[in-house]
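Here is a walk through one protein chain, feature by feature. Keep the viewer open and follow along.

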Amino acid sequence: MTNPQGPPNDPSTWGRPGSPGAFGQPPTERPTEQINTGGAAAPPPSAGPPPGQTERLGTPPPSMQQPDYPPPPPPIPPAGPTEKLATPGGNAAPGKKRRFLRDPLSVVLVCIIVVCLVIAGLVGAELYVRHIANRKVAEAVACEVKDQATASFGVAPLMLWQQLTKHYTNISVTTAGNQVRDAKGMKIAIDIRNVQLKNTANSKGTIGSLDATITWTSDGIKESVQNAIPVLGPFVTNTVTTHPNDGTIELKGMLDNLTTKPVVSGTGLKLQIMSFNALGFTMPKESVQSTLDDFTSQFTKNYPLGIHADSVQVTSTGVTSHFSTQNASIPTGNNNDPCFANL
């Protein structure tokens with residue numbers, strides 16, 4: 001069915017030039033359309049987007065001129081094969097291990113570092129064990145002589161080996177020289193050899209040999225005698241003079257003049273009176289000798305480990321004596337001698 005034609009002279013919209021018809025462009029410029037009148041009416045054209053909403057624009061036709069954009073970058077060349085990265089804590093590649101093992105310098109450096117660490121550990125342990133051993137021996141001697149003491153173990157063999165085997169080859173001990181018990185100005189230098197520690201019911205071990213050199217100065221002898229006589233000591237003994245030629249010691253005071261000779265007596269020493277004058281008259285030697293014997297026995301007898309006096313000699317500066325012992329048993333310190341309890 002064709003479009004209906006209106007009256008030829010009707011000045012309606014159909015006859016207005018340039019006026020679009022109800023369906024768009026003028027019918028003269030469009031082909032004949034077939035209208036379906038049997039079905040439902042065509043839906044009205046959709047209205048534009050409501051105000052406030054963005055209008056979706058269609059794609060412009062190809063004939064429209066595109067703006068000038070920079071040319072696209074050249075295509076990226078295809079990547080090479082993917083390399084597998086080593087995860088933390090994972091095993092190193094076998095190739096790297098082989099390269100490390102084939103490098104002699106790296107192997108030598110690692111070996112040197114390991115050796116240095118081992119040596120440093122051994123040196124630290126050696127110094128620590130040696131310090132503890134020196135302190136214990138020095139404390140035992142200081143407790144016995146009532147003076148400060150220092151001890152040192154031999155350099156060879158290592159202290160670690162001596163501690164492991166409980167066999168100590170050489171120990172040296174020296175006191176400060178302030179006193180030995182009640183004898184002022186007396187100093188001891190001790191050389192101990194072949195010590196073996198082995199705990200038993202009665203001892204902690206044995207000492208192969210012990211040699212001690214004791215020096216007693218002239219000033220120490222004077223001070224010791226003065227202390228032995230609290231009130232009259234300074235009057236009895238003002239000066240002490242040694243005579244190395246005849247081996248005697250002369251003690252002079254305001255009230256007396258005493259000449260003695262140090263000799264070995266039993267396990268210790270004593271000052272044997274050669275002459276004694278007091279207030280212009282002579283006194284019997286026996287009455288004074290017992291007093292001197294009690295005085296010297298306090299610091300020359302009853303030493304532990306069986307230490308005894310061997311010899312004595314008068315020098316220009318005082319008296320020098322030698323003490324020793326052989327194959328002595330180290331006391332446990334429980335009931336015998338508390339000074340050896342911490343050894």
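## The 105-129 stretch

Let's begin with residues 105-129, where the chain is 100% helix and 0% strand. The C-alpha atoms at the two ends of that stretch sit 36 Å apart. Bear in mind that this is a predicted model. UniProt lists residues 105-129 as "transmembrane region", and that comes from an unreviewed entry.

L105 belongs to helix 2, which covers residues 104-145. With 56% relative accessibility, L105 counts as exposed, because the cut-off for that label is over 50%. L105 also has company at the surface: together with V108, L109 and I112, it makes a nonpolar patch of about 370 Å².

## Salt bridges

Next up, charged side chains. Side chains of opposite charge can pair when their charged atoms come close. How many salt bridges does the count come to? Five.

Stay on helix 2 for one of them: R135 and E139 meet through their side chains, with 3.3 Å from N to O. Both residues lie in helix 2 and are four residues apart, about one turn of the helix. R135 is partly exposed at 37% relative accessibility, and E139 is partly exposed too, at 40%.

Another salt bridge ties helix 2 to something further along: R181 pairs with E144, and their closest N and O atoms are 3.2 Å apart. This pair links distant parts of the chain, since R181 is in the loop between strand 3 (179-180) and strand 4 (183-184) while E144 is in helix 2, 37 residues apart. Are these two buried or exposed? R181 is buried, with a relative accessible area of 15%, and E144 counts as buried at 13% relative accessibility. Then there is K252 with E250, whose side chains form a salt bridge at 3.4 Å, N to O. Here K252 counts as partly exposed at 38% relative accessibility, whereas E250 counts as buried at 16%.

## Aromatic pairs

On to the rings. The structure holds four aromatic pairs. One of them is F153 with Y168, an edge-to-face pair with 5.5 Å centre to centre and 65° between the planes. It joins distant parts of the chain: F153 is in strand 1 (residues 149-153) and Y168 in strand 2 (residues 167-175), 15 residues apart. F153 is buried, with a relative accessible area of 9%, and Y168 is buried as well, at 7%.

W216 and F299 form another edge-to-face pair, this one with 5.0 Å centre to centre and 70° between the planes. Again the pair links distant parts of the chain, with W216 in strand 6 (residues 203-217) and F299 in helix 6 (residues 285-300), 83 residues apart. W216 has a relative accessible area of 9%, so it falls under the 20% cut-off and is buried. F299 is buried too, with a relative accessible area of 1%. Which residues do ring pairs link into a cluster? They are W216, F295 and F299.

## One face of helix 4

Now have a look at helix 4, residues 218-228. Its buried residues are S218, G220, I221, S224 and V225. Why do they line one face of the helix? Seen down the axis of helix 4, the buried residues fall within an arc of 160°, so they share one face.

## Backbone oddities

A few backbone details are worth a click. The peptide bond from A156 to P157 is cis, with omega near -5°. P157 itself lies in the loop between strand 1 and helix 3 (159-165).

K166 is not a glycine, yet it has a positive phi of about 60°. You'll find K166 in the loop between helix 3 and strand 2, where it counts as partly exposed at 35% relative accessibility. N302 also has a positive phi of about 60° without being a glycine. Its spot is the loop between helix 6 and strand 12 (308-314). At 66% relative accessibility, N302 counts as exposed.

Definitions and conventions
Residues numbered from 1 in each chain as written. Predicted model: local features only at pLDDT ≥ 70, side-chain atom pairs only at ≥ 80, totals over all residues. Heavy atoms only, no water. Patch = residues over 30% accessible without salt bridge, like charges linked within 9 Å, V, L, I, M, F, W, Y side chains within 5 Å. Areas by Shrake-Rupley, 256 points an atom, 1.4 Å probe, with all protein chains shown as cover. Salt bridge = Lys/Arg side-chain N within 4 Å of Asp/Glu carboxyl O. Buried < 20%, exposed > 50% of the residue type's maximum accessible area, 1.4 Å probe, protein only. UniProt positions renumbered as here; feature names shortened; annotations may be inferred. Arc of directions from axis to C-beta. Phe/Tyr/Trp six-rings, centres within 6.5 Å; stacked < 30°, edge-to-face > 60°.
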